[in-house]
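Trainee: I should like a close look at a single part of this protein, namely the open sheet and the disulfide associated with it. Please set out the account step by step, and then relate that part to its surroundings.

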Amino acid sequence: QVQLAESGGGSVQAGGSLELSCDASVYLFALTRLAWFRHQAPDNEREGVAALYPDGDITYYDDSVKGRFTISRDSAKNTIYLRMRNLRPEDTAMYYCAADSRGRGYGALWNLNSGHYTYWGSGAQVIVSS
């Protein structure tokens, strides 16, 4: 069973930066893809933010975060990162790390779909004040 644990959430003013980390209980290369999602309101669905294939570092981003967020990995530490810059109040959300070991898909729409991820962390809260 794969376990994921996020850390690094917190409160920041608009325009600031935060970095989230996600520690995996398995080698990252045992997983096909890694991703970050966010949940902004109880009645909203989880929104895909960024995804990465560790075997080739192919990345996908939602348009709302392109140029501001960066997903990366440190395979030696089995850790996934989400570097967030120029944060906006609308980035306020619970952020979740996700992973899957099934076959790969193509395109941002497919890779940022929560239905394509089996393993989930418990979340890290990010609050951006104006």
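Mentor: The model before us is predicted. Its mean pLDDT is 95, and 100% of the residues reach 70 or more. Among the elements, β3 has the highest mean pLDDT, at 98, while helix α1 (residues 108-111) has the lowest, at 95. Where pLDDT is low, predicted coordinates should not be read in detail.

Let us begin with the sheet. Four strands form an open sheet in the order β1-β3-β8-β7, and the pairing is antiparallel. The edge strands are β1 (4-7) and β7 (69-74), each of which pairs on one side only. From one strand to the next, the twist averages 20°. In general, the strands of a sheet pair through backbone hydrogen bonds, either parallel or antiparallel.

We may now cross the sheet strand by strand, starting at β1. Strands β1 and β3 pair in the antiparallel sense over four bridges. Within this pairing, Glu-6 has Cys-22 of β3 as its bridge partner. The next step leads from β3 to β8, an antiparallel pairing with six bridges. Here Leu-20 stands opposite Leu-82 in β8. The last step joins β7 to β8, again antiparallel and again through six bridges. In this pairing Ser-72 stands opposite Tyr-81 of β8.

Strand β3 deserves particular attention. Five of its seven residues are buried, so this strand is largely enclosed by the rest of the structure. The residue that serves as bridge partner of Glu-6, Cys-22, also forms a disulfide with Cys-97, the two sulfur atoms being 2.1 Å apart. A search of the whole structure finds one disulfide. What does this bond tie together? Cys-22 lies in β3 (residues 18-24) and Cys-97 in β9 (residues 93-100), so the pair links parts that are 75 residues apart in sequence. Are these two cysteines buried or exposed? Both Cys-22 and Cys-97 are buried. The handedness follows from the geometry: the torsion about the S-S bond of Cys-22 and Cys-97 is about -80°, so the disulfide is left-handed. In general, a disulfide is a covalent bond between the sulfur atoms of two cysteines.

Strand β9 also helps to place a backbone feature. The loop between β8 (79-84) and β9 contains Asn-86, which has a positive phi of about 50° although it is not a glycine. Most residues other than glycine have a negative phi. Asn-86 counts as partly exposed, at 41% relative accessibility. A second case is Asp-57, whose phi is positive, at about 60°, although it is not a glycine. Asp-57 is located in the loop between β5 (47-53) and β6 (58-61). With a relative accessible area of 40%, Asp-57 is partly exposed.

The surroundings can be completed with the aromatic residues. The count of aromatic pairs comes to four. One of them joins Phe-37 and Trp-120, a tilted pair with 5.0 Å from centre to centre and 55° between the planes. Phe-37 lies in strand β4 (residues 33-39) and Trp-120 in strand β10 (residues 119-120), so this pair ties together parts that are 83 residues apart in sequence. The two partners can be told apart by their accessibility: Phe-37 is buried, at 0%, whereas Trp-120 is partly exposed, at 26%. The rings of Tyr-53 and Tyr-60 have their centres 6.4 Å apart and their planes at 75°, so that pair is edge-to-face. Both Tyr-53 and Tyr-60 are buried. Phe-37 and Trp-120 also belong to one aromatic cluster with Tyr-117.

Finally, a charged residue contacts this aromatic group. The charged end of Arg-46 sits over the ring of Trp-120, 4.6 Å from its centre. The charged end of Arg-46 also sits over the ring of Tyr-96, at 3.8 Å from the ring centre.

To return to the part you asked about: the sheet runs in the order β1-β3-β8-β7, and the disulfide of Cys-22 and Cys-97 links its strand β3 to strand β9.

Terms used. Residues numbered from 1 in each chain as written. Predicted model: local features only at pLDDT ≥ 70, side-chain atom pairs only at ≥ 80, totals over all residues. Heavy atoms only, no water. Disulfide = S-S within 2.5 Å. Helix = DSSP H or I, 4+ residues; strand = E, 2+ residues; numbered from the N terminus. Buried < 20%, exposed > 50% of the residue type's maximum accessible area, 1.4 Å probe, protein only. Pairing = 2+ DSSP bridges. Axes fitted to C-alpha atoms, helices over the stretch in contact; angles between N-to-C directions. Phe/Tyr/Trp six-rings, centres within 6.5 Å; stacked < 30°, edge-to-face > 60°. Lys NZ or Arg CZ within 6 Å of the ring centre and 35° of its normal. pLDDT = per-residue confidence, 0-100.
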